[in-house]
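Student: I should like to learn how to read the pockets of a protein model. Could you guide me through an example?

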Amino acid sequence: MIKLCIGRSASNRDVMEKIWRFRHEQFVERLGWEAIRRDDGREIDEFDGDGTLHLALFCEDRVVGYSRLLPTLEPHLLSDVYPEIMNGGAWPRSPEIYEWTRCVVAEGEILINQIPASHVLMTGVMEFCLVAGIASLIVETHPKLVNLLISTGWQVTTLALPSLRDDGLVVPIQARPTAYGLMRHHRLYALQGSTLLLEPEVRNPLKPDRSLTHLPYLAPGRIRPTKAILEESADASN
């Protein structure tokens, strides 16, 4: 399931160590982002602050997928690294708007209860937004991935025309999660139940006086493919 870590608190030390090393393995060793290579094998940048939200997908005790959400009221990639792709326009900023970055799944056919890890991670990001009350995410991505987000139920607004950068085209967008979109993820990817591990001690980053709780229409439980659900229903009717 997907575990949330907020900032760099001492209680997260062991999990964050796995995350730093997973990020280095994926973005440096696998994808060749040499500019962020570190001798200690831990990928950490200036945006990994106290308000950063880390969503790590675990398979047993190993990180197999990861996404990072950055508060837009603090420095983030669009504000400090890619502002020119807005072509002079302003980008959305709000306590309820985050930037979605560093999204990656480990290489190979990684299945979690017969479901590809990438499907679980993408569903988990939308579910977490709805659980925490995040209104939307801004994303700098390739235009072809915009179609993927739209097809899986995100409400997408293009913030500027695509720009050409060293690694290809990039377009800034705003993606809004909805309950309909989450259910579409579940139907498309054959998921049932929550993808999130919500520990009682983890507070809602948008409302620190409250704990995170699962959505009422997604009972916590093991992720199971639709085939298993159908088989269970058939057994019950016999």
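Tutor: The following discussion concerns the pockets of this structure, which is a predicted model.

Student: How much space lies in the largest pocket?

Tutor: A pocket is first described by its volume. In this structure, the largest pocket holds about 1,500 Å³ of space. Its lining consists of 38 residues, and those closest to the pocket centre are Phe-27, Trp-33, Arg-102, Cys-103 and Glu-140.

Student: Which helices and strands each supply at least two residues of that lining?

Tutor: One may trace a lining back to the elements that carry it. Here the helices are H1 (13-30), H3 (117-132) and H4 (143-151), and the strands are E4 (97-105), E7 (136-141) and E10 (168-176). The largest share, six residues, comes from E4.

Student: What classes of residue make up the lining of the largest pocket?

Tutor: The lining may also be sorted by residue class. For the largest pocket, the count is 22 nonpolar, six polar and 10 charged residues.

Student: What is the volume of the second largest pocket, and which residues line it?

Tutor: The same reading applies. The second largest pocket has a volume of about 180 Å³. Among the residues that line it are Lys-3, Leu-4, Cys-5, Asp-14, Val-15 and Glu-199. Strand E1 (2-6) and helix H1 are the elements that give two or more residues to this lining.

Student: Which element gives the largest share there, and how is the lining divided by class?

Tutor: Strand E1 gives the largest share, four residues. By class, the lining of the second largest pocket has five nonpolar, three polar and four charged residues.

Notes
Residues numbered from 1 in each chain as written. Predicted model: local features only at pLDDT ≥ 70, side-chain atom pairs only at ≥ 80, totals over all residues. Heavy atoms only, no water. 1 Å grid on protein atoms, 1.4 Å probe; cavity = no way out; pocket = protein on both sides within 12 Å on 5 of 7 lines; lining within 4 Å. Points joined across faces, edges and corners; volume = space filled by probe spheres on them. Nonpolar A, V, L, I, M, F, W, Y, C, P; charged D, E, K, R; others polar.
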